[in-house]
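User: Please pick one side chain in this model and take a close look at its surroundings, then work outwards to whatever holds that part together. Keep it chatty; I have the structure open.

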Amino acid sequence: MLFLSNEKVLRDGKVIIGTKQTTKVIEQGKAAEVYVAKDADPRITLKIVNLCKKMGVKVVYVDTMKQLGKACGIEVGAAMAAIVNE
């Protein structure tokens, strides 16, 4: 279904969900990877994608916010999530 190879990471790793928290961990240099939902508001996601490029963080696109939320183990959609380096 949804990025099966990474789903375990999203469930087992340290995951930050949401725009503000994701932005914070990218700026702090703690984000290993950022997942962005393709159907999220581009006014929000564009800023994050550009920040990731600037900071050298890999961006992985997911089809829907619902899929990303489910992969993160939450009942609602998520526009973005970050895997945090321990």
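Analyst: **A buried acid and its surroundings**

Glutamate 33 is buried, with a relative accessible area of 17% (buried means under 20%, exposed over 50% and partly exposed in between, using a 1.4 Å probe and protein chains only). Before going further: this is a predicted model, with local features requiring pLDDT of at least 70 and side-chain atom pairs pLDDT 80 or more, while totals for chains, interfaces and linings use all residues. Residues are numbered from 1 along each chain as its sequence is written, and side-chain values use heavy atoms, with hydrogens and water left out.

So who does that acid talk to? Glutamate 33 makes a salt bridge with lysine 58, with 3.3 Å between the closest N and O atoms; the rule asks for a side-chain nitrogen of Lys or Arg within 4 Å of a carboxyl oxygen of Asp or Glu. Lysine 58 sits in strand S3 and glutamate 33 in strand S2, so this pair ties together parts that are 25 residues apart in sequence. (Strands here are DSSP runs of E, at least two residues, and helices are runs of H or I, at least four, numbered from the N terminus.) Unlike its buried partner, lysine 58 is partly exposed at 49%.

Now zoom out to the sheet. The four strands make an open sheet in the order S1-S4-S2-S3, with mixed pairing; two strands count as paired if DSSP finds at least two bridges between them. S1 (15-17) and S3 (58-62) are the edge strands, each having a single partner, so one side of each lacks a neighbour in the sheet. On average, neighbouring strands are turned by 20° against each other, direction ignored. Over at S1, the pairing with S4 (residues 80-84) is antiparallel and runs over three bridges, with isoleucine 17 bridging to alanine 81.

Two helices lie across these strands. H3 (residues 42-55) lies across S2, S3 and S4 and runs at about 155° to S2, while H2 (residues 19-27) lies across S1, S2 and S4 at about 35° to S4. Those angles run from 0 to 180 degrees between N-to-C directions, with axes fitted to C-alpha atoms, for helices over the stretch in contact.

The two helices also pack on each other, at about 15° with their axes 10 Å apart. That makes H2 and H3 roughly parallel (under 35 degrees; over 145 is roughly antiparallel, 65 to 115 roughly perpendicular, the rest oblique). In this packing, Thr19, Thr22, Thr23, Ile26 and Glu27 of H2 meet Ile44, Ile48, Leu51, Cys52 and Met55 of H3, where contact means heavy atoms within 4.5 Å.

Back to the charges: the salt bridge count is three. In one of them, aspartate 63 meets lysine 38, 3.3 Å from N to O. Aspartate 63 is in the loop between S3 and helix H4 (65-71) and lysine 38 in the loop between S2 and H3, so this pair too ties together parts that are 25 residues apart in sequence. Aspartate 63 is partly exposed at 45%, whereas lysine 38 is exposed at 55%.

Arginine 43 and aspartate 41 also meet in a salt bridge, 2.8 Å from N to O. Arginine 43 is exposed at 64%, and aspartate 41 is partly exposed at 28%. Aspartate 41 is in the loop between S2 and H3, and its C-alpha atom is 7.8 Å from that of alanine 79, 38 residues away along the chain.
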